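Let's take a friendly walk through this structure, one stop at a time. Have the sequence and the 3D view open as you read.

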Amino acid sequence: MKIKSKANYLNLRADAAKVLHQILEEGQSARECLPIAQLPHKEQDKAWLQEMVYGVLRNLPILQFWLRQLLDKPLKNRFKVVEHLIMLGFYQLAFSRVSQHAAVSETVAACQPLNTLAMKGLVNAILRTFIREEISKQEAPNEQIASGLPKWLFKKLEAGYQNGFSELLTNMQVKAPIWLRVNTRKISQAHYAKALEKADIGFSHSPEHPEALILSKGHDITNLPGFDSGWFAVQDGAAQLAAHYLKPKQGETILDCCAAPGGKTCHIIEFQPDIAKIIALEIDNRRAAKIEENLVRLGHNASIVVGDASTPEKWSEEEFYDRVLLDAPCSATGIIRRHPDIKWLRKAKDIDVLVELQKKILDAIWPLIKPGGTLLYATCSILPEENHLQIHNFLSRTTDALLDDTFDNDSLDKPGKQILPGYHQMDGFYYARLLKSH
Ligand SMILES: C[S@@+](CC[C@H](N)C(=O)[O-])C[C@H]1O[C@@H](n2cnc3c(N)ncnc32)[C@H](O)[C@@H]1O
């Protein structure tokens, strides 16, 4: 879908509807299409564009429920985007502080740049009915619609979390804070905290995270003190636990599988600068370039290898590694609060494929670990089959693999540690530390 004239292009609602169409109908990720749509807009408008898109994605089931009451037949083909535009209108009216007048007039005006002028009257009528009949006061008809999750994911989580399920649903809807990881090779956490104070930027500490500072509100990261000098990286608190859990030691050789964009690779180097070598393995060429970009900005060195973790015979130069971090490809269900497009891009059938891939990588990488060596398995998933069930099955079929009982395992039945979204302000994440016996 293309928007033609420059004047038309700079219409925020039209751009938001277009991005929603790209995500929901064309399967693009927000990471791909949102920055392109934001490019011509002013800083403040960029943030509002993202907030509108994310707001609709967070609340899609209830917005669709309301839409079905006011629109007789679904719109199709080139008019499908008008459904997204109408839901954007509902979002502004029900969840934002935009005045009713502005929400209606600006949303209706977006029909022109979207080349759907014929729908202007329909959009106007639906939004006015929405206000008049106080549709936004209607309760969601069931818990799944209220949760903002697709049915398949709601059911999976309901089965996986009998205890604390409603708290989990609530936390998955709460916006995530920005976590910084101070690059302690360049500046101490205390000194960087002073630099933030001087710049009048609010933040808090987390007792569990010695390198972290949590920003009190959103910021353009590139404008924070010391961005170009590599004083910090953006990394959620849960991801910042990886280096601490891996515990790399002086002189060791480390393999970081599935490494792009290199957040954990860089943290491992900061955490233990005296390791002998670290290999950052990544399957995707373009994403591997991001590892290099981050290493350069932060002033670190690593060997970047482009290759498939499930076929080490094609790329592995070292015979054995002391420690391996396997940050496995996963459903990313633990970071939905941060990236709400994930819940609409992922499909139920993807999960079995991912579980199979994780299994394949685990089995392929394990022989590369030295006897006495360590594997730290990590995912940003909250689905048991990718986490404790995956590790339970791995331990059952791998005779020389032991669960590290000095690690903070949830229980013997549930090997590893499941962090749920919102716990100590962190994303949802899973870690298991395994030892090779001989
Ligand atoms: C969760 S992200 C890794 C995040 C990274 N560890 C960090 O902290 O910045 C997973 C990465 O694994 C890569 N990947 C997926 N399948 C892979 C495979 N078979 N072999 C190697 N890398 C893979 C993806 O391209 C993606 O960059």
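Start where two helices meet: Cys266, Ile269 and Glu270 of α14 touch Asn294, Leu295 and Leu298 of α15. By character, the residues of this contact divide into 4 nonpolar, 1 polar and 1 charged. Keep in mind as you look that the model is predicted.

Now step back to see how the two helices lie. Helix α14 covers residues 263-271 and helix α15 covers residues 285-298; their axes come within 10 Å and cross at roughly 30°. Angles under 35 degrees count as roughly parallel, so α14 is roughly parallel to α15. The crossing of the pair is right-handed.

Next, visit Gly263, which belongs to helix α14. Is Gly263 buried or exposed? Neither label fits: its relative accessibility is 26%, and buried means under 20% while exposed means over 50%, so Gly263 counts as partly exposed. Leaving aside residues up to four places away in sequence, Gly263 touches Arg181 and Gln235. You can also look from Gly263 across to Asp236: the two are 27 residues apart in sequence, and their C-alpha atoms are 9.8 Å apart in space.

Follow the chain to the loop between β5 and α14, where you will find Pro261. The peptide bond that leads from Ala260 to Pro261 is cis, with omega near 5°.

From this loop, turn to the strands. Strand β5 (residues 253-257) runs parallel to β6, and 4 bridges join the two. One pairing to pick out is that of Leu255, whose bridge partner in β6 is Ile279. Strand β6 spans residues 277-282 and is mostly covered, with 5 of its 6 residues buried.

Two loop residues make a good last stop. Asp200 sits in the loop between α12 (189-198) and β2 (203-204). Its phi is near 60°, a positive value in a residue other than glycine. With a relative accessibility of 72%, Asp200 counts as exposed. What is the phi of His424? For His424, phi is near 50°, again a positive value in a residue other than glycine. You can find His424 in the loop between β11 (417-419) and β12 (429-436). The relative accessible area of His424 is 40%, so this residue is partly exposed.

Technical notes:
Residues are numbered from 1 along each chain as its sequence is written. This is a predicted model: local features need pLDDT of at least 70, side-chain atom pairs count only at pLDDT 80 or more; totals for chains, interfaces and linings use all residues. Side-chain values use heavy atoms; hydrogens and water are left out. Axes are lines fitted to C-alpha atoms, for helices over the stretch in contact, and angles run from 0 to 180 degrees between N-to-C directions. Angles under 35 degrees count as roughly parallel, over 145 as roughly antiparallel, 65 to 115 as roughly perpendicular and the rest as oblique. A crossing is left-handed if the near helix is turned anticlockwise from the far one by less than a right angle, and right-handed if clockwise. Contact means heavy atoms within 4.5 Å. Ala, Val, Leu, Ile, Met, Phe, Trp, Tyr, Cys and Pro count as nonpolar, Asp, Glu, Lys and Arg as charged, and the others, Gly among them, as polar. Buried means under 20% relative accessible area, exposed over 50%, partly exposed in between (1.4 Å probe, protein chains only). Two strands pair if DSSP finds at least two bridges between them.
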